[in-house]
Amino acid sequence: MLQEHFDYINKDGVSTNIGPNAREILLQLAEKEFNRGNLEHSIFHQIRLLYQSAQERYRPRLFTEDNSKSKTISVDELLAQMNADEKADLPNNALIQYALKTFKENPKEEVNSSDPCDIFRDISDPSEGVKRIQDICKQMPEEWTVLQLCKGFNTLSTYSKYSKIHESDAAIYVTILRHIRTCDYPKPICLRFSSVDQKELFNKFACIVDRFKQCVEGDHKKWSTAEDKQHYWKLLDELNNFIAVSRVVIYKKTLITSALRSLQLAVADLKSFLFPWSFLFTGIPHTVFTAGSYMHELWRKIDTFCDQYQWNDQSRVLLSLAALNAHSLTNMQIEDVCTFLTDHSKQRAMAFDLLEQIREQQELKTAVIDLTKNDDDKAHRYFPCVLIVDERLDHFYWEEINICQEFTRASSFQSLWRLYYLYRKNMKHGYLKVSITDGACLINPDKNLSKMELRMSTFFDYWLPHWKKIVARKPTNDEFFKDLLTRSCYVYTGHGSGLQYINGRNIAKHVLRSIVFLFGCDSCRLHTNGLYSELIGAHLYYQAAMCPAIIGTIMPGLDANMDRVATEILSRWIAPNSANILPWNEVEMTSWIKKGVIKPATHSPKCNKNSQSPLPSSSTGYNYNVGSLCAVLAHVHKRGGESKLYNTVPYVCRGLPVWNCHVEPLTFN
């Protein structure tokens with residue numbers, strides 16, 4: 001019966017009636033094939049189910065079946081097809097003259113209609129589908145690591161409300177689609193994680209947002225006493241720390257009690273759940289592609305060992321990835337990895353000794369690295385890791401598994417491929433090259449966040465005064481597409497994602513090249529209404545419009561802290577208008593947050609005239625600026641400028657890794 005259902009949803013080579021039912025059929029097939037040991041077939045069904053054909057609705061359609069023969073005609077072709085009377089009338093026909101002029105000045109964006117987003121449109125055989133996956137992975141940047149995260153099958157969640165789906169426990173599949181040895185061993189690898197603690201894990205992540213809202217919601221103006229304010233901050237500290245305690249809010253003498261769970265505890269439990277494989281969330285080291293790389297010798301050792309004991313390709317790749325990251329592994333991790341790879345006690349001991357030897361060699365190499373370099377330089381040691389995240393797992397803080405790693409997210413393998421395919425000619429070293437020289441911002445359009453408006457307005461006036469700014473008013477539809485989204489960068493600061501001021505479908509009709517920042521609560525969070533349906537989010541509309549990267553949040557935030565993180569991200573990635581102004585990391589934060597006043601901090605050389613410390617300098621005037629946007633976000637997750645987890649874990653990048661060549665050249669030596 002399951003096979004009959006699968007044949008139905010693949011009818012005519014197009015997914016039919018994709019929705020909760022079809023998704024569950026594919027997920028059940030993925031689970032069934034995994035249990036049978038057919039890992040490649042399981043991977044095929046997982047990739048299929050993460051890309052719902054309903055996502056096609058976001059894409060502008062050039063053709064339909066009824067007009068599939070129609071095509072775009074150039075101005076020269078149109079003129080050549082005119083008859084004598086039409087040519088004679090042309091000089092006096094103002095409308096046609098205007099149309100021809102418009103076509104010449106605004107040529108239509110090229111869209112690869114021959115390369116549909118659904119890469120399995122003509123494929124129903126899993127083996128053929130896996131071959132297509134391998135072919136596409138080989139075409140992606142060799143610097144990328146690509147992991148897919150998929151939540152397992154649970155029959156109870158099919159028709160549940162989305163909050164219940166969040167809470168429902170299931171296994172988590174981690175599929176390695178692209179890795180450092182993909183060229184030699186292209187078959188994807190799938191690992192399934194499950195434990196007796198998984199229900200508690202899902203419960204913790206499902207409740208974090210609601211519990212955060214319980215801490216911050218309410219009429220703060222009525223919390224007039226010092227005791228009330230002190231208790232408010234105590235609640236947030238409890239949310240941030242390891243302990244789980246009862247929450248008591250003093251409001252009109254009423255006690256409201258609710259159990260708090262820690263963000264740190266949830267993140268720690270996620271790492272424990274993935275033990276010992278959390279090292280898979282690490283990209284490829286920059287040193288791999290430099291002269292004198294030790295990779296050739298490392299792979300020789302691994303291959304010699306695997307050939308000797310006749311290990312299969314999956315074990316060879318997993319051992320290779322463990323060896324690549326051996327310096328970060330504990331003895332317990334190494335032992336568990338070896339136990340997974342082989343049941344043979346002697347081979348397990350030999351593999352342990354091999355990884356231990358490799359770890360010692362890596363530690364010796366690390367010991368001679370110049371540790372006087374600043375922390376930001378160390379953050380660039382690994383190329384990006386692209387996470388393809390199931391919508392049912394998108395609320396997890398995956399970036400916290402390795403806070404030194406550069407991450408970006410995609411909703412499906414097909415969507416990632418479509419985005420990369422469009423921009424592939426401008427990709428280098430795994431990054432899309434951009435140059436942020438102009439931009440636009442929309443600040444507080446609802447006019448009810450006066451302090452945020454003051455802070456962000458003063459920041460843009462100070463750092464980027466040449467940008468187009470719309471402050472304290474709602475923009476028109478024309479302003480959105482002519483003044484805001486036509487520039488190299490667009491920043492929104494206000495409530496939510498800003499979709500309340502513009503129809504998402506209008507965004508999807510355009511081809512937008514802007515890098516988009518959405519600094520609002522839940523601005524990049526997936527959500528639904530009522531019973532389970534395909535989830536929606538602001539970033540899906542922007543990605544349908546081919547925006548290379550969207551930065552936003554997956555949970556609410558506190559406005560002052562969000563403004564601080566927003567300016568930290570923007571100032572580190574975008575060069576200031578003048579090289580003579582104070583670097584943002586030398587600004588007195590308290591003065592700016594409370595009063596919107598920008599002045600030197602006590603640690604700034606400009607504040608201390610007797611200081612012998614030179615001002616930051618580089619080719620652009622500031623080594624404070626960083627080319628990789630993902631590296632800037634990694635700095636945030638390392639609590640570089642803000643120490644509280646609830647102020648840093650929400651920030652994610654969706655789309656491609658981008659590099660601002662205007663602040664730092666894209667080279668790796």
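The following questions and answers go through local features of this predicted model.

Reader: Where along the chain does the partner lie whose C-alpha atom is separated from that of A30 by 4.1 Å, and which residue is it?
Author: A30 has its place in helix α2, which covers residues 20–36, and A30 is buried, with a relative accessible area of 0%. Leaving aside neighbours within four places in sequence, A30 is in contact with S42, H45 and Q46. The residue whose C-alpha atom is separated from that of A30 by 4.1 Å lies twelve residues apart along the chain, and is S42.

Reader: Is the aromatic pair of F305 and W311 stacked or edge-to-face?
Author: By the rule used here, the count of aromatic pairs comes to 29. F305 and W311 form one such pair, with 5.1 Å from centre to centre and 85 degrees between the planes. Because planes over 60 degrees apart count as edge-to-face, the pair of F305 and W311 is edge-to-face.

Reader: Are F305 and W311 buried or exposed?
Author: Buried means a relative accessible area under 20%. F305 has 8% relative accessibility and therefore counts as buried, and W311, at 8% relative accessibility, likewise counts as buried.

Reader: What is the geometry of the aromatic pair formed by W417 and Y420?
Author: W417 and Y420 both lie in helix α17 (residues 413–423), three residues apart, which is about one turn of the helix, and both are buried. Their ring centres are 6.0 Å apart, and with 40 degrees between the planes the pair is tilted.

Reader: Which ring does the charged end of R424 sit over?
Author: Two cases of a charge over a ring can be taken together. K151 lies over the face of F202, at 4.2 Å from the ring centre. The charged end of R424 lies 3.9 Å from the centre of the ring it sits over, which is that of Y421.

Reader: How many of the residues of strand β14 are buried?
Author: In a regular strand the side chains alternate between the two faces of the sheet. In β14 (residues 549–553), A549, I551 and T553 point one way and I550 and G552 the other way, and all are buried. The strand is thus mostly covered, the number of its buried residues being five of five.

Reader: Which residue in β15 is the bridge partner of I550?
Author: Strand β13 (residues 515–519) is joined to β14 by two bridges and runs parallel to it, with V516 standing opposite I550. Strand β15 (residues 651–655) pairs with β14 in the antiparallel sense over five bridges. There the bridge partner of I550 is R654.

Reader: Which are the edge strands of the open sheet with the order β8-β9-β16?
Author: This open sheet has three strands and mixed pairing. β8 and strand β9 (residues 431–434) pair in the antiparallel sense over two bridges, and M427 stands opposite L432 in β9. The strands that each pair on one side only, and are the edge strands, are β8 (427–428) and β16 (658–660).

Reader: How many of the twelve residues of helix α13 are buried?
Author: Helix α13 (residues 313–324) reaches 16 Å from its first C-alpha to its last, close to the 16 Å expected at 1.5 Å a residue. At the start of α13, a side-chain oxygen of N312 reaches to within 3.3 Å of the backbone nitrogen of Q314. Among the buried residues of the helix are S315, R316, V317 and L318. The helix is largely enclosed by the rest of the structure because the number of its twelve residues that are buried is ten.

Reader: What is the omega value of the peptide bond from F275 to P276?
Author: P276 lies in the loop between α11 (263–273) and α12 (295–309). The peptide bond leading to P276 from F275 is cis, with omega near 5 degrees.

Reader: What is the phi value of M546, a residue other than glycine?
Author: A472, in the loop between β11 (468–471) and α19 (477–484), is a residue other than glycine with a positive phi, near 60 degrees. M546 is found in the loop between α21 (538–544) and β14, and at 7% relative accessibility M546 counts as buried. The phi of M546 is also positive, with a value near 70 degrees.

Note on methods
Residues numbered from 1 in each chain as written. Predicted model: local features only at pLDDT ≥ 70, side-chain atom pairs only at ≥ 80, totals over all residues. Heavy atoms only, no water. Helix = DSSP H or I, 4+ residues; strand = E, 2+ residues; numbered from the N terminus. Buried < 20%, exposed > 50% of the residue type's maximum accessible area, 1.4 Å probe, protein only. Contact = heavy atoms within 4.5 Å. Phe/Tyr/Trp six-rings, centres within 6.5 Å; stacked < 30°, edge-to-face > 60°. Lys NZ or Arg CZ within 6 Å of the ring centre and 35° of its normal. Pairing = 2+ DSSP bridges. Expected span 1.5 Å × (residues − 1). Polar contact = N/O pair within 3.5 Å; in protein donor to acceptor, adjacent residues only side chain to side chain.
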